[in-house]
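Trainee: I am new to this structure and should like to look closely at one part of it. Please begin with a single residue, then move outward to the elements around it and to the chain as a whole.

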Amino acid sequence: MVILCEHASPDIPEPYHDLGLDPAHRFSHAAWDPGARDVAMALSRALDAPLVASRVSRLVYDCNRPPEAASAMPERSEVVDVPGNRNLTEAQRAQRIESVYRPFCTAVTQRLEERAASHLPTALITVHSFTPDYHGKPRTVEIGILHDADRRLADAMLAQSHRLAHRQIRRNDPYGPEDGVTHSLKLHGIGHGLANVMIEIRNDLLGTPADASTMADELLLLIEPALAELGFEIPIRGDAHDA
């Protein structure tokens, strides 16, 4: 596996002056995906998989969006205004692309090329979280399994959803390809011929590091048998020896 977490950090470098955000929104879900990095790191350890995580807020540049997308540097995220993203010049946009997006993509490509050179079969997982309420409407889905044109890994994981009978697990929910959220899957997954999936977790289930660890353990009940079904060799974890 190679694991991505494009919205891992709320950090806004000092030169951007917090993008003029209202302090109430500075560390909200608009700025990052709370809990996603903790889950991604737990999966990375369990699967012995490299993790590439963005260290800059998605409001500076959303690494899951192509440079031409307006949502790559949004002027508004749901109900949150982002004054520092208004009326950006081409030079300002180019600076963010070169300083945030390109290095992230380069890091991903390097990991994938290293594995290909070593003849290591690879699948790609991206990890995200989402808010329980969006524009005032509650979301009942707890775990979203998202895919674009390549649905192999998503199908194999969804086939294991009975293992998490207590969870509301859905395909391409709360987002899908039509929402423009599968850029990384297309660029880094499909573009390299890799089985791939995007996991979205409702962020009220990730309130503490312990919650994130529990969620990672639950997701492994979907991921590991899905990978085995697709012919991947799964690392044996310490708890497997104990069992």
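Mentor: Glycine 176 is buried, with a relative accessible area of 1%; buried means under 20% relative accessible area, exposed means over 50%, and partly exposed lies in between, with a 1.4 Å probe and protein chains only. The model is a predicted one, in which local features need pLDDT of at least 70 and side-chain atom pairs count only at pLDDT 80 or more, while totals for chains, interfaces and linings use all residues. Residues are numbered from 1 along each chain as its sequence is written, and side-chain values use heavy atoms, with hydrogens and water left out.

Glycine 176 belongs to the loop between E9 and H4. Such labels refer to DSSP runs numbered from the N terminus: helices are H or I runs of at least four residues, and strands are E runs of at least two. From the C-alpha atom of glycine 176 to that of aspartate 148 is 7.8 Å, although 28 residues separate the two along the chain.

Two other residues of this loop deserve attention. Asparagine 172 lies in the loop between E9 and H4 and has a positive phi of about 45°, although it is not a glycine. With a relative accessible area of 21%, asparagine 172 is partly exposed. Proline 174 is also found between E9 and helix H4 (183-189), and the peptide bond that leads to it from aspartate 173 is cis, with omega near 15°.

Another asparagine invites comparison. Asparagine 87 also has a positive phi, of about 55°, without being a glycine. Its place is the loop between strand E4 (80-81) and helix H2 (90-117), and its relative accessibility of 69% makes it exposed.

Next, consider strand E10, which holds methionine 198. This methionine is buried, with a relative accessible area of 2%. Leaving aside residues up to four places away in sequence, methionine 198 touches Asn64, Thr126, His128, Gly144, Ile145, Leu146, Val181 and Leu185, where contact means heavy atoms within 4.5 Å. From methionine 198 to aspartate 48 the C-alpha distance is 18 Å, and the two are 150 residues apart in sequence.

Aspartate 48 follows H1 and has a positive phi, near 50°. H1 itself has 12 residues and reaches 16 Å from its first C-alpha to its last, close to the 16 Å expected; the expected span is 1.5 Å times one less than the number of residues. Its buried residues are Ala36, Val39, Ala40, Ala42, Leu43, Ser44, Ala46 and Leu47. Their cover includes strand E1 (2-5), strand E2 (51-53), E5, E10 and H5.

H5 comprises residues 209-229, 21 in number, and its reach of 30 Å is close to the 30 Å expected. This helix has a kink of about 30°, centred on leucine 220; the bend at a residue is the angle between axes fitted to the seven residues ending there and the seven starting there. Among the buried residues of H5 are Leu219, Leu220 and Leu222, together with Glu218 and Glu224. The elements that cover the buried residues of H5 include helix H1 (36-47), strand E5 (124-130), strand E8 (143-146), helix H3 (152-158), strand E9 (169-171) and strand E10 (196-202). Just after H5, glycine 231 takes a positive phi of about 95°.

The cysteines remain to be examined. The structure holds 0 disulfides, a disulfide being a pair of cysteine sulfur atoms within 2.5 Å. The closest cysteine sulfur to that of cysteine 5 belongs to cysteine 63, and at 11 Å it is too far for a bond. Cysteine 63 also supplies the closest cysteine sulfur to that of cysteine 105, 6.6 Å away and again too far for a bond. Cysteine 5 is buried at a relative accessible area of 1%, and cysteine 105 is buried at 11%.

Finally, the chain as a whole. It has 6 helices and 10 strands, and 53% of its 243 residues are buried. Among contacts between residues at least 6 apart in sequence, 79% join residues at least 24 apart. Along its principal axes, the C-alpha trace spans about 55 × 40 × 30 Å. The radius of gyration is 18 Å, which agrees with the value near 18 Å for a compact globule of 243 residues; this radius is taken over C-alpha atoms, and the globule rule is 2.2 Å times the number of residues to the power 0.38.
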